[in-house]
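Reader: I'm new to this one and would like a close look at a single part. Could you pick a pair of strands and walk me through what surrounds it?

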Amino acid sequence: GQDAVGNIKSELQLLLPDIKIFLDVDDLKDIGALEDYIQRSQVILFFLSRGYFRSQNCLREIRSSLEQSKPIVLVQEADPDKGGGTLQALRAECPEDLQPDIFEKDWPLTIWYRIEEFQLVSLKIIAEALLLCSPNYLDKTSLPLKVTGELQIKALGFSTFAKVWASPANAGAKELAEELVTAYPSLNVSTAEEAGDATHMLLYLNEDSFSDERLAEQVQQAREDK
């Protein structure tokens, strides 16, 4: 994760020119003074990847941050080849006594991707969290930030007829389909027993998805009909 953290530091310095960022691999002169560096920081960013919670110095940073009630920003590595993992897997590596304070306090959390457009979104979330902890913005809960090059939100629709089938055999699919219709009113949804004229099948997956034997047959048929 050192390459990613270095990238985050350099990009934030471009976005927020007056910001001062301490990065241990660049700026730490005395490992014995780690807690002092924490004390002099307004916000602490934890970059979560596999093995992070096995580092004794990282655990020192975490415990010192919590003891000093420092605001925290969590950044989760997404790429498995770079040490990424699910939040659940990363939490499992964390000492149990620290888990509630890190994962249950609603700290700002963003995922770090290797795709530039997604990185801009992550950087904006990090920048907002930092600014909200600065004296000028303590009375704010959000900031209307814009980052050069970021993708703009646009209304999306379908150029051709689209109808999604949410099978009654797939628990949770109907509720998800209803959310999709709320976001995309031009989308047609069917919850009939059979696919009919649907152009797509919505498959909602969880550990109980295939508890209804009909669903496996329906998925197989949908693949054959595509």
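Author: Let's go with strands E2 and E3: E2 covers residues 72-77, runs parallel to E3, and is joined to E3 by four bridges. Keep in mind that this is a predicted model. One of the pairings to look for is valine 75, whose bridge partner in E3 is threonine 110.

Now follow E3 itself, residues 109-112. In a regular strand, side chains alternate between the two faces of the sheet. E3 does just that: Thr110 and Trp112 point to one face and are buried, while Leu109 and Ile111 point to the other face and are not buried. So the threonine that pairs with valine 75 sits on the buried face of E3.

Step back along the chain, and there's helix H4, with twelve residues, 56-67. From first C-alpha to last, H4 reaches 16 Å, close to the 16 Å expected at 1.5 Å a residue. Its buried residues are Cys58, Leu59, Glu61, Ile62, Ser64 and Ser65. Among the elements covering them are strand E1 (44-48) and the helices H2 (24-27), H3 (34-39) and H6 (99-103). After H4 comes serine 69, with a positive phi near 55°.

Further along, have a look at serine 134, in the loop between helix H7 (116-132) and strand E4 (163-165). Its relative accessibility is 14%, which is under the 20% cut-off, so serine 134 counts as buried. The side chain of serine 134 also reaches back to the backbone oxygen of leucine 131, at 2.5 Å.

Technical notes. Residues are numbered from 1 along each chain as its sequence is written. This is a predicted model: local features need pLDDT of at least 70, side-chain atom pairs count only at pLDDT 80 or more; totals for chains, interfaces and linings use all residues. Side-chain values use heavy atoms; hydrogens and water are left out. Helices (H or I, at least four residues) and strands (E, at least two) are DSSP runs, numbered from the N terminus. Buried means under 20% relative accessible area, exposed over 50%, partly exposed in between (1.4 Å probe, protein chains only). A polar contact is a pair of N or O atoms within 3.5 Å; within protein, one must be able to donate a hydrogen and the other to accept it, and residues adjacent in sequence count only if both atoms are side-chain atoms. Two strands pair if DSSP finds at least two bridges between them. The expected span of a helix is 1.5 Å times one less than its number of residues. Contact means heavy atoms within 4.5 Å.
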